[in-house]
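Hi everyone, thanks for coming. Let me put the structure up, and then I'll walk you through a helix pair, the domains and the ligand.

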Amino acid sequence: MIKKICCIGAGYVGTPTMAVIALKSPNLEITVVDSNKSRIDAWNSSNSYDFPVKEPGLDDIIKEVRNKNLFFSSDVEKHIDESEMIFLAVNTPTKKEGEGKGFAADLTNIDECAKQIARVSSSNKIIVEKSTLPVRTAERLKEIIKKHKKNDVTFEIISNPEFLAEGTAIRDLFKSDRVLIGCDQTEAGLAAMESLVKIYKNWIPKERIIKTNIWSSELSKLASNAMLAQRISSINSLSALTEKTEAKINELSLAIGKDHRIGDKFLNVSPGFGGSCFKKDILNLVYICRQYGLEEVAEYWHQVVKINDYQRKRIFNIVNSTLVELKNKKISILGWSFKKDTNDTRESSSIPISSDLIINGASLKIYDPLAEKKQIIQDLTTYLESKDLSLKEIKSLLSQVKIQSTLSECLTNTNAIIVLTEWDEFKQVDWQNNKLNTSQINLPYIFDTRNILDIELLKSLGYEVFQIGNGDNTIK
Ligand code: NAD
Ligand code: UDX
């Protein structure tokens, strides 16, 4: 029976997942390790404000289990060696250079973990792939381990991809639609799988635990993300058509989603999907298909990402043409995180849209309830660097940006307001009062890219409004 677990990677997946396992399995001793010491120190902080990942419900669980059966440590090797089961929850970003650049998953972190586990282990281990990985990664890990292991220790690799979504991670972990575990169909593989099944059975009904071969499990994760993102690109692509035809995308989503064969989830229009997973995982799928010579399949999935880029560009173009000239215009950006209820800003649509606005001369006031000022500046800097701008040019562009600490600072003295994240705070703005407070003769244009505002109310107050895919827009 498993008693000690180590999880490598104290990020958005590693920490919430281990916190919930610790809560539901008091007899297990779990240590989350990370090579980033400051991240570990932050998780050990007595003030939950310092925790690096903001996720509703997470703080309370950590307060309950930390230093009882959940520990955070930067002594990676010690905890690898002491554990019977090791989860790999390290990041697997898109490769920035070399073979597969811009598409393939960068497996450097995973490879490093495999080498380290092989080197330091003095007892048998079950290695659990929790990170999202290309299909057949387990084969690669076996090769690495074989090359680096020092003694007769045995290693069994199983796949257990994570399906949580940020902002609802704890809810998702408590009530998973399914837990997927894949293993080699050997006696040792099946035994390793059962030891993990036993842990999940502490709170997941057994009919929700799906057991497959290891390759199906690895590929299911990429395929699930691709199909979720495909729905968003489908509805976003149709939003361009509803704008032209006086149809309304929200009514379309409702009508389509009522068909139980389709279902009503993931049919919300948006400025394009963000987050660390969808784009990276689809590009990885595209790369894998190409590796196997499946060019048509690769192109089919690539189109999901291309429509996402198109939607972002489309929004910039609508703002640009409405304001006629962006130079010297003040624009307020409401929302920086890629969705509400998270501080994660990775791949947020706010980044390219805002960058294009400042490149074209606009000045921005940006407000987000959780994203930190330094993160917003970092995101803009990284994006502008990718456009081959010089340091001097980037510095000058950043001088056009002000990060505000309250929403109200963004609502007045501005030419346009763009809602880019669906934070609840934005739904609660008192527009009537705001209108009275504004000293401007012209009210700001409002671009609601999440369709969360009351367009009829705004119109009645005299605002000119654009909502995605809404044929009734006052701004065409
Ligand atoms: P993250 O960047 O938040 O966390 C990863 C952590 O791993 C970092 O703290 C990093 O310092 C650490 N790390 C990297 N290499 C290491 C090494 N060799 N030794 C020790 N520590 C190391 O990433 P994340 O968002 O938690 O994602 C982790 C994996 O889970 C990825 O493969 C991702 O695709 C997948 N995933 C993410 C989500 C999500 O919502 N973020 C959901 C499902 C699956
Ligand atoms: C996603 C998957 O949902 C999750 O199962 C996987 O484990 C990790 O990747 P995440 O990226 O955290 O989760 O959030 P998700 O809720 O999927 O949203 C991703 C992006 O799509 C966000 O920018 C969100 O605003 C956008 N989105 C979502 C839409 O534009 N429309 C929708 O209908 C739903």
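Is the crossing of helix 12 and helix 13 left-handed or right-handed? It is right-handed, meaning that the near helix is turned clockwise from the far one, where an anticlockwise turn by less than a right angle would be left-handed. Before I go on: this is a predicted model, where local features need pLDDT of at least 70, side-chain atom pairs count only at pLDDT 80 or more, and totals for chains, interfaces and linings use all residues. Residues are numbered from 1 along each chain as its sequence is written, with chains lettered from A and ligands numbered from 1 in the order in which they are written.

Back to our pair, helix 12 (residues 295-323) and helix 13 (residues 350-359): they pack at about 35°, with axes 9 Å apart. Helix 12 brings Arg312, Ile315 and Phe316 to the contact, and helix 13 brings Pro352, Ile353, Asp356 and Leu357; contact here is C-beta atoms, placed from the backbone, within 7 Å. By class, that gives 5 nonpolar, no polar and 2 charged residues.

Now the domains. The assignment gives domain 1 (4-204) and domain 2 (239-467), and their C-alpha centres lie 33 Å apart. Where they touch, 15 residues of domain 1 meet 16 residues of domain 2.

Finally, ligand 1. It is surrounded by 26 residues, the closest being Gly9, Gly11, Asn109, Ser131 and Thr132; a residue counts if its C-beta atom, placed from the backbone, lies within 6 Å. Helix 5 (residues 108-120) supplies the largest share of that shell, 3 residues.

How values were computed
Helices (H or I, at least four residues) and strands (E, at least two) are DSSP runs, numbered from the N terminus. Axes are lines fitted to C-alpha atoms, for helices over the stretch in contact, and angles run from 0 to 180 degrees between N-to-C directions. Two residues are in contact if their C-beta atoms, placed from the backbone, lie within 7 Å. Ala, Val, Leu, Ile, Met, Phe, Trp, Tyr, Cys and Pro count as nonpolar, Asp, Glu, Lys and Arg as charged, and the others, Gly among them, as polar. Domain bounds come from an automatic or database domain assignment.
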